[in-house]
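Trainee: Could you take a close look with me at the start of the chain in this model? I would like to know how far to trust that part, and how the rest is laid out.

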Amino acid sequence: MFAQRSVLPSITIIMLGLSMIQTSMAQDTVSKENNQVVDGYVAKWFDATSGVRLPYRFYGASAHDGERLPLVIFLHGAGERGDDNLKQLKHGAKEFSASAFQKAHPCFVIAPQCAEEQKWVDHDWDVQEVKQPEAISKHLSATIELIEKVAQEFPIDRSRIYITG
């Protein structure tokens, strides 16, 4: 049975300012193209130790007085691959940044973008029976590295890290 948690109706959700997010993640390189905020998501790029440069969008929720919030990782489908750091928001990600959702379920969100011709999981899409590869893909590995970085820099509840897409 899940423990119920009361939510105070008077809690005010305040979105972190763009400058606060950029200051706290200053080592990220921001491209001159597509660095606009879209549905509350700020454009970021992460340079993984493997050499993969991972474009991603970050939604920064506001935690109150030491509160630790969940982290949602939104993995897009094959049609949103690329390097524009925008297509990954096309289906589903904006629901997590909607004010009504954030008021009811405040959380941080990462929406990475897998490169064109790459996959989150390296397997042949043309076979009926899929065998899990022994190693994870470079882009999924970079995403895991990014999750760790974000969890160190923001008040993330490590017991509530969710992956969807």
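Mentor: Happy to! Over residues 1–32, pLDDT (the predictor's confidence in each residue, from 0 to 100) stays under 50. For that stretch the model has 49 contacts beyond four places in sequence, a contact being heavy atoms within 4.5 Å. This is a predicted model, where local features need pLDDT of at least 70 and side-chain atom pairs count only at pLDDT 80 or more, while totals for chains, interfaces and linings use all residues. Residues are numbered from 1 along each chain as its sequence is written, and side-chain values use heavy atoms, with hydrogens and water left out.

Helix α1 (residues 18–24) has the lowest confidence in the chain, at a mean of 30, whereas strand β4 (residues 108–112) has the highest, at 97. Across the chain the mean pLDDT is 79, with 78% of residues at 70 or more.

As for the layout, there are four helices and five strands, in the order α-β-β-β-α-α-β-α-β from the N terminus. Helices (H or I, at least four residues) and strands (E, at least two) are DSSP runs, numbered from the N terminus. Of contacts between residues at least 6 apart in sequence, 68% join residues at least 24 apart.

Of the chain's 165 residues, 39% count as buried, meaning under 20% relative accessible area (1.4 Å probe, protein chains only). C107 is buried because its relative accessibility is 3%, and C114 is buried because its value is 1%. The structure holds zero disulfides, a disulfide being a pair of cysteine sulfur atoms within 2.5 Å.

Note on methods. Buried means under 20% relative accessible area, exposed over 50%, partly exposed in between (1.4 Å probe, protein chains only).
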